[in-house]
Amino acid sequence: MTNLHLNNTKINRILRPVNDLEMGEINIEISNLCLSESDYKKFVSSDILSKYNKLDYIHTKPLEYLTTLSLLDLKEGDKILDAAGGEEAEYIKAVIAVSDFNLIPYCQDSLLDGITRDGIKYIGGSIDAIPLPDNSLDGISCHHSFEHFRDDLDIKFIKEAVRLLRVGKRLVIAPLFLANEYAEIWNSKQIEKYDIETAITIFDNTATFPGWGPYEGFARTYSPAAFRARIIENLPRNCQAQVYKVLVDGKPVPDLKKNYHQPLLNGEMKALVIVKT
């Protein structure tokens with residue numbers, strides 16, 4: 001269905017990215033992250049990301065990676081964690097490949113079991129109970145996973161990340177899905193309703209956005225009002241939040257005519273940055 005462009009049919013009728021005026025409702029700082037196509041091409045030239053280098057367009061996945069890497073501002077010896085990073089740890093491997101300095105990397109996922117391989121520590125645990133000490137990390141990334149956190153795990157994950165970070169260090173979540181509706185989206189008929197009072201429920205069995213597998217099948221988008229009420233107003237006191245709009249050569253990304261596997265709400269990529277104060 002993806003090859004025929006017949007996926008995401010229902011959510012494409014209902015959901016779209018918010019515009020600049022609507023984003024003002026969040027009432028936090030909104031900034032631009034300005035990247036270039038040459039930045040992207042240099043990033044995907046590493047062996048780890050070579051499959052993306054063969055494409056004639058900017059693919060969403062390495063763009064997410066480049067976004068978090070750019071916003072984390074890592075330094076020699078930093079301890080970093082990719083949360084919900086998966087068994088392949090592709091992001092961590094890509095960061096190591098392009099960095100000119102040494103890092104101490106962790107990849108967390110509930111499917112992992114604590115082994116160390118190729119200098120990367122693979123740790124398990126729930127996203128709201130990551131088995132690392134307080135104030136132990138210099139950067140945390142989370143790629144295309146935050147929207148899949150069910151029930152109140154989105155709120156709990158940010159609190160857990162703030163616990164883990166050292167003062168002045170950052171959590172970067174990319175992409176951040178701010179849409180015209182606060183929605184809980186399913187591509188499986190095993191539907192649960194987490195925020196019954198305020199979120200709409202969408203079932204779309206053609207949707208790629210919720211993903212498939214044991215920990216997918218569900219995704220969430222925030223309206224600006226819901227994002228402010230649910231995320232911003234529940235932040236720990238010892239942190240600050242900022243939203244970045246991602247631009248490449250001054251233009252919003254990704255190009256959904258080429259990244260046609262993505263729904264329309266994936267347009268105009270944004271990232272959430274939480275800084276521990």
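Below, a trainee and a mentor talk through the pockets, cavities and backbone of a predicted model.

Trainee: Let's start with open space on this thing. What is the volume of the largest pocket?

Mentor: In this predicted model, the largest pocket has a volume of about 1,000 Å³. Its lining takes in 39 residues, and those that lie nearest the centre are Ala-84, Asp-109, Ser-145, His-148 and Glu-216.

Trainee: And which elements give two or more residues to that lining?

Mentor: Helix 5 and helix 6 do, and helix 5 gives the most, with four residues.

Trainee: How does the lining of the largest pocket divide into nonpolar, polar and charged residues?

Mentor: There are 13 nonpolar residues, 17 polar ones and nine charged ones in the lining of the largest pocket.

Trainee: OK, what about the second largest pocket, what volume does that one have?

Mentor: The second largest pocket comes to about 350 Å³. It is lined by 13 residues, with Lys-42, Phe-43, Leu-69, Val-98 and Ser-99 closest to its centre. Helix 3, which covers residues 37-43, and helix 5 are the elements that each give two or more residues to this lining, and by class the lining has six nonpolar, three polar and four charged residues.

Trainee: Helix 5 keeps coming up. At what angle do helix 5 and helix 6 pack?

Mentor: Helix 5, residues 60-72, packs against helix 6, residues 90-98, at an angle of about 60°, and the two axes are 11 Å apart. That angle makes helix 5 oblique to helix 6.

Trainee: Is the crossing left-handed or right-handed?

Mentor: Where helix 5 passes helix 6, the crossing is right-handed.

Trainee: Switching to closed spaces: how many cavities of 30 Å³ or more are there?

Mentor: The structure holds two of them. The largest cavity has a volume of about 80 Å³, and the residues that line it are Pro-17, the run Pro-175, Leu-176, Phe-177 and Leu-178, and then Leu-265, Asn-266, Gly-267, Glu-268, Met-269 and Lys-270. Seven residues of that lining are nonpolar, two are polar and two are charged.

Trainee: Which residues line the second largest cavity?

Mentor: Ile-155, Ile-158, Lys-159, Ile-231, Asn-234, Leu-235 and Pro-236 line the second largest cavity, and the space inside is about 30 Å³. Its lining divides into five nonpolar residues, one polar and one charged.

Trainee: Back to Pro-175 for a moment, what kind of peptide bond joins Ala-174 and Pro-175?

Mentor: That bond is cis, with omega about -5°. Pro-175 sits in the loop between strand 7, residues 165-174, and strand 8, residues 183-186, and Pro-175 is also one of the residues lining the largest cavity. A cis peptide bond also joins Val-253 and Pro-254, where omega is about 0°, and Pro-254 lies in the loop between strand 12 (251-252) and strand 13 (270-276).

Trainee: Why would anyone flag a cis bond or a positive phi?

Mentor: They get flagged because most peptide bonds are trans, and most residues other than glycine have a negative phi. Asn-8 is a case of positive phi in a residue other than glycine, with a value near 60°, and Asn-8 is placed in the segment before helix 1 (9-14).

Trainee: Last one: which residues does UniProt list for "domain: Methyltransferase type"?

Mentor: The UniProt entry, which is unreviewed, lists residues 116-173 under that name. Over this stretch of the model the chain is 21% helix and 38% strand, and the C-alpha atoms at its ends are 25 Å apart.

How values were computed
Residues are numbered from 1 along each chain as its sequence is written. This is a predicted model: local features need pLDDT of at least 70, side-chain atom pairs count only at pLDDT 80 or more; totals for chains, interfaces and linings use all residues. Side-chain values use heavy atoms; hydrogens and water are left out. On a 1 Å grid over the protein atoms alone, a cavity is a set of points where a 1.4 Å probe fits but cannot get out, and a pocket is an open set with protein on both sides within 12 Å along at least five of seven lines; lining residues have an atom within 4 Å of a point. Grid points are joined across faces, edges and corners, and a volume is the space filled by probe spheres set on the points. Ala, Val, Leu, Ile, Met, Phe, Trp, Tyr, Cys and Pro count as nonpolar, Asp, Glu, Lys and Arg as charged, and the others, Gly among them, as polar. UniProt positions are given in the numbering used here, feature names are shortened, and annotations may be inferred rather than shown by experiment. Axes are lines fitted to C-alpha atoms, for helices over the stretch in contact, and angles run from 0 to 180 degrees between N-to-C directions. Angles under 35 degrees count as roughly parallel, over 145 as roughly antiparallel, 65 to 115 as roughly perpendicular and the rest as oblique. A crossing is left-handed if the near helix is turned anticlockwise from the far one by less than a right angle, and right-handed if clockwise.
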